Amino acid sequence: MVGAYASFGCATPLSTSLRHLSHLSSTLTPSKPHQFSALRATATIAAAKMPGSSSKSHPSLEVIGGAVNTFLPAFKTLHLPYVPYPFIGWNCHVETIFAAFFRSLPDVRFRRECLRTRDDGAVALDWVSGDDRNLPSNSPVLILLPGLTGGSEDTYVRHMLLRGRSKGWRVVVFNSRGCGNSPVTTAQFYSASFLGDISEVVEHVGNRYPIANLYAVGWSLGANILSDMWASLSSKFSIMLCSIQLLDACSSRKWTLSVLYCNESFSCPLAGAISLCNPFNLIIADEDFRKGFNIVYDKALANALCKIFRRHALLFEDIGGEFNIPLAANAKSVREFDDGLTRVSFGFKSVDDYYSNSSSSDSIKNVSIPLLCIQAENDPIAPSRGIPREDIQKNPNCMLIVTPKGGHLGWVAGGEAPLGAPWTDPIVMDFLEHLEQARVSSFVTTSTSLEDANVTGTLHQVESAKLGNCHCSESFSLPRVPLLVSSPEGGQNQHHMRGKYFKGRFTSFSALEFGWDIR
């Protein structure tokens with residue numbers, strides 16, 4: 001189900017038995033639809049500066065990563081010092097507990113969708129009620145992955161939801177099996193390395209909104225799963241940029257057409273992701289989780305896990321095998337619960353084997369989409385020493401921000417402290433808006449507009465480059481261009497690019513698999 005990262009999402013069990021001191025009312029106002037002109041394809045996401053942005057970060061923040069030069073100009077406030085809220089923000093445990101108990105809970109009306117998975121399991125997707133009517137179909141979609149045992153009722157999730165929604169984004173909360181009162185229909189929950197459910201959710205959302213770009217934000221356990229997911233998918237699909245120069249035989253005019261082709265093995269990629277309070281190294285997280293005051297979090301999360309399990313205990317009756325149902329049902333720690341149930345459900349030999357093979361710290365080097373990681377140096381549950389700084393530094397798609405304070409899912413700082421949204425929310429939104437703006441304005445590039453007429457020419461060059469992802473936001477028009485594709489076996493097929501050739505997604509063949517000739 002979950003794992004060493006008992007770390008993830010402690011806000012949920014700590015706060016479920018208490019009422020929040022105050023509630024933040026909000027009005028969800030639909031934004032105007034995005035206006036698309038021609039899509040442009042580029043090998044890298046443009047690093048255009050946002051209004052009020054700065055190319056430097058404040059010394060109070062640790063900002064590193066292979067993508068720092070690309071993404072740093074997108075942030076409006078990273079040049080300012082991180083100032084924790086007095087008293088509350090001075091101690092990691094005080095801040096963590098305060099955020100869990102007393103952060104305001106925004107009022108949001110949801111519409112629930114239960115999604116049946118391929119293994120007959122079920123997860124719950126909570127959408128903002130009315131968005132289907134109020135938002136255009138090309139509005140960017142933001143998928144939220146809460147922490148361990150967390151769901152759409154968590155304060156940090158709802159604040160992020162409102163932040164995205166206020167910018168005109170369509171936001172959906174992914175409630176894992178048994179979390180957020182989602183149904184459990186099989187004798188399996190979820191784990192730190194189980195990617196089946198989130199992969200199906202991304203595919204489902206992408207199919208529902210085929211002309212929208214998809215993004216995701218994960219906290220704690222959700223962040224670990226998200227990082228593992230993208231590292232896994234990076235080896236399953238490739239995207240090629242082909243720059244084709246056409247020469248008009250009559251006028252000697254030249255055109256350059258840049259087009260992206262996506263391998264069909266992954267049909268619904270995300271355009272970017274954010275990881276917050278990720279434990280990264282679950283062995284280290286487990287070690288620290290059983291020390292000192294952290295035992296309080298461990299017991300609280302174990303209690304939350306047992307509560308979910310007991311509601312569905314009949315599904316595990318007479319299950320046999322290596323399962324230790326009494327141990328899981330009465331676990332006093334997350335490690336005990338994982339030993340009795342989680343590691344057996346997902347085929348691990350031991351708890352340590354499960355934690356070792358589920359750590360996203362080993363996956364960061366393979367992440368191939370824009371990824372922003374935000375951590376707190378004093379996080380008691382996601383230790384700073386577990387952050388894979390070297391791999392983040394080397395990966396041209398990753399950027400890391402480490403704040404000096406913040407606790408776990410706390411970050412009681414910024415203009416809305418102490419009861420409002422975490423300090424991280426505007427940072428996350430700056431990053432997302434930057435990615436979306438870059439994709440909308442810089443997707444498909446032509447050096448000049450092609451007239452709606454037959455064009456014949458000779459292929460001068462085909463350049464290929466691996467890109468992070470590919471998701472078409474809108475169809476675009478092209479003249480009729482006869483394209484003769486020669487396969488390795490010698491067969492030839494005539495293709496014509498005319499009118500709205502691409503729609504929703506790019507064609508599913510890779511340019512490198514064929515010999516190209518344009519006549």
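**Exercise 1. Determine which residues of helix H6 are buried, and compare the span of H6 with the expected one.**

Step 1. Buried means under 20% relative accessible area, exposed means over 50%, and partly exposed lies in between (1.4 Å probe, protein chains only). By this rule the buried residues in H6 are Asp197, Ile198, Glu200, Val201, Val202, Val205 and Gly206.

Step 2. Helices (H or I, at least four residues) and strands (E, at least two) are DSSP runs, numbered from the N terminus. The model is predicted: local features need pLDDT of at least 70, side-chain atom pairs count only at pLDDT 80 or more, and totals for chains, interfaces and linings use all residues. Residues are numbered from 1 along each chain as its sequence is written, and side-chain values use heavy atoms, with hydrogens and water left out.

Step 3. The expected span of a helix is 1.5 Å times one less than its number of residues. H6 has 13 residues, and its first and last C-alpha atoms are 18 Å apart, close to the expected 18 Å.

**Exercise 2. Find the salt-bridge partner of Arg208 and state how each side chain is covered.**

Step 1. A salt bridge is a side-chain nitrogen of Lys or Arg within 4 Å of a carboxyl oxygen of Asp or Glu. Arg208 pairs with Glu113, at 2.9 Å from N to O.

Step 2. This contact links distant parts of the chain, 95 residues apart: Arg208 is in helix H6 (residues 196-208), and Glu113 is in strand E2 (residues 110-116).

Step 3. Arg208 is partly exposed because its relative accessibility is 33%. Glu113, at 14%, counts as buried.

**Exercise 3. Treat the pair Asp430 and Lys76 in the same manner.**

Step 1. The closest N and O atoms of this salt bridge are 3.0 Å apart. The structure holds 22 salt bridges.

Step 2. In the Asp430 and Lys76 pair, 354 residues separate the partners: Asp430 belongs to helix H14 (residues 424-441), Lys76 to the loop between helix H2 (68-71) and helix H3 (92-102).

Step 3. Asp430 has a relative accessible area of 7% and is therefore buried. Lys76 has 30% and is partly exposed.

**Exercise 4. Which residues do shared salt-bridge partners join into one network with Asp286?**

Step 1. Start from Asp286 and Arg335, whose closest N and O atoms are 2.7 Å apart. Asp286 is in helix H8 (residues 282-289) and Arg335 in helix H11 (residues 334-345), 49 residues apart.

Step 2. Asp286 is buried at 5% relative accessible area, whereas Arg335 is partly exposed at 23%.

Step 3. Through shared partners, Asp286, Arg290, Arg335 and Asp352 form one network.

Step 4. Arg290 is placed in the loop between H8 and H9 and is partly exposed, with 42% relative accessibility. Its C-alpha is 9.7 Å from that of Val334, although Arg290 and Val334 are 44 residues apart in sequence.

**Exercise 5. List the members of a positive and of a nonpolar surface patch.**

Step 1. Patches are made of residues with over 30% relative accessible area and no salt bridge; like charges are joined within 9 Å and nonpolar side chains (Val, Leu, Ile, Met, Phe, Trp, Tyr) within 5 Å. Lys and Arg count as positive, Asp and Glu as negative, while His and the chain ends are not counted. A charge is placed at NZ of Lys, CZ of Arg, CG of Asp or CD of Glu.

Step 2. The positive patch consists of Lys299, Lys307, Arg310, Arg311 and Lys332. Of these, Arg311 is in helix H9 (residues 294-311) and is partly exposed at 48%.

Step 3. The nonpolar patch consists of Phe87, Trp90 and Val94, with about 350 Å² of accessible area together. Accessible areas come from the Shrake-Rupley method with a 1.4 Å probe; for residues, only the protein chains shown count as cover. Val94 lies in helix H3 and is partly exposed at 32%.
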